Amino acid sequence: MIDFTLSDEQEELRRTVERFARDTVAPVIGDLYERGEFPYEIVAAMGRMGLFGLPFPEEHGGMGGDYFALCLALEELARVDSSVAITLEAGVSLGAMPIYRFGSPEQRKRWLPLLTSGEKLAAFGLTEPGGGSDVPGGMRTTARLDGDTWVINGSKSFITNSGTDITAFVTVTAFTGDGEISTIIVPNGTPGFTVGRKYSKVGWSASDTRELSFDDVRVPAENLVGERGRGYAQFLRILDEGRIAIAALSVGLAQGCVDESLRYVREREAFGKEIGRYQAIQFKIADMEMRAHTARLAYYAAAAKLLAGEPFKKEAAIAKLVASNAAMDNARDATQIFGGYGFMNEYAVGRFYRDAKILEVGEGTSEVQRMLIARALGLPPS
């Protein structure tokens, strides 16, 4: 019999992050979101709580937990705000995890204590302006060896956590030979490495997302992460894991829509009674809870396979697809329940609606997830 009950330790983590999100994040995030301001104090508090170190061993400054612990934290944060949740998700799964999974002992020793403590952030330089889902086909960034130095030229787009005051470096994918993709650490402040202005985004307004350019950027040869030519394979693994994390974040947003709607329908009256007494509203909220519950089971199942060391690519794609759909559908329904107030950014559901759409795009579009599922079923590539 499969048991999805959280252990006492997992439940304590969930409750701790739930309280933090409610008591620390919720009171201030609306103002930060409206101003498009990065939540430095919240990030510092998450660092002190150990959230950036959840899935890493204690020897690297981590908390000795696992990837599922990170997912639990992301779900609870996203119930209140997705900008904060994506900052943690990207900082861990896209920033620190490549160094932990593939970095040299020297790279781990230098960077991981800074990243797992939340003192510094790192970014994942994969997507390019002309690439999108076709990463290798759209990649134009190159790196060539000049003696004991890599010389990098190119650009990256939509890179989270790349331009904050505490960003330490970006791990960049680049062609290092004919059809050969490698990954290289480029510290912020390196001559020729330019961090663009923050994007004006539809959602995730309190998170940091920028375009990057590299003009004869020179870094030491030892900044290569893992084996030369294995960069694309490395990041496919990182993206598979990240899809479970994004699924957890999506579930948090979907559940947050339920939370907000339940509070609202008990307060709002129309035609002489609370709107929560109307069956049309009750059915809508029931559907919302069903979507959140189903999506949660999907990411729990994918995380279980990951932690067991079993293949999990298909399950991660299913979880990401189901959960992002749930987030988008719940955000739309919650906005409808709130009526005109749902269109106001001062209400959480207004922010949820703006934040939900990117979940169907980031870390692999919904179309890519369907393609991965079809291939896992043995169907031929189109």
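Here are a few exercises with worked solutions on this predicted model.

**Exercise 1: overall build**

Work out how the radius of gyration of the chain fits with that of a compact globule.

*Solution.* Start with the length: the chain has 382 residues, and a compact globule with that many would have a radius of gyration near 21 Å. Now take the chain's own value, 21 Å, which agrees. Next, look at the box: along the principal axes, the C-alpha atoms fill roughly 80 × 45 × 40 Å. Then check burial, where 54% of the residues count as buried. Finally, turn to the surface: about 16,900 Å² is exposed, with 52% of it supplied by carbon and sulfur atoms.

**Exercise 2: domains**

Find which domains the assignment gives, and how domain 1 and domain 3 meet.

*Solution.* First, split up the chain: the assignment gives domain 1 (8-121), domain 2 (123-228) and domain 3 (232-377). The secondary structure to share out comes to 11 helices and 9 strands. Now pick domains 1 and 3, whose C-alpha centres lie 20 Å apart. Then count the contacts: 25 residues of domain 1 touch 29 residues of domain 3.

**Exercise 3: salt bridges**

Take three of the salt bridges, and say for each partner whether it is buried or partly exposed.

*Solution.* The full count is 26 salt bridges, so let's go pair by pair, using the cut-off that buried means under 20% relative accessible area.

1. Glu 18 pairs with Arg 14, with the closest N and O atoms 3.4 Å apart. The two sit 4 residues apart in helix H1 (residues 8-35), so about one helical turn separates them. Glu 18, at 24%, is partly exposed, while Arg 14, at 17%, is buried. Both also belong to a salt-bridge network whose members include Glu 76, Arg 79 and Asp 259.
2. Arg 35 pairs with Glu 37, and here the closest N and O atoms are 2.5 Å apart. Arg 35 is partly exposed at 46%, and Glu 37 is partly exposed at 35%.
3. Lys 156 pairs with Glu 128 at 2.9 Å between the closest N and O atoms. This pair links distant parts of the chain, 28 residues apart: Lys 156 is in strand S3 (residues 149-160), and Glu 128 is in the loop between strand S1 (121-125) and helix H6 (135-138). Both Lys 156 and Glu 128 are buried.

**Exercise 4: a nonpolar patch**

Work out which residues make the nonpolar surface patch of about 290 Å², and place Leu 297.

*Solution.* The patch is made by Ile 2, Phe 4 and Leu 297. Leu 297 belongs to helix H8 (residues 279-307). With 32% relative accessibility, Leu 297 counts as partly exposed, and that gets past the patch cut-off of over 30%.

Definitions and conventions. Residues are numbered from 1 along each chain as its sequence is written. This is a predicted model: local features need pLDDT of at least 70, side-chain atom pairs count only at pLDDT 80 or more; totals for chains, interfaces and linings use all residues. Side-chain values use heavy atoms; hydrogens and water are left out. Patches are made of residues with over 30% relative accessible area and no salt bridge: like charges are joined within 9 Å, nonpolar side chains (Val, Leu, Ile, Met, Phe, Trp, Tyr) within 5 Å. Accessible areas come from the Shrake-Rupley method with a 1.4 Å probe; for residues, only the protein chains shown count as cover. A salt bridge is a side-chain nitrogen of Lys or Arg within 4 Å of a carboxyl oxygen of Asp or Glu. Buried means under 20% relative accessible area, exposed over 50%, partly exposed in between (1.4 Å probe, protein chains only). The radius of gyration is taken over C-alpha atoms; the globule rule is 2.2 Å times the number of residues to the power 0.38. Domain bounds come from an automatic or database domain assignment. Contact means heavy atoms within 4.5 Å.
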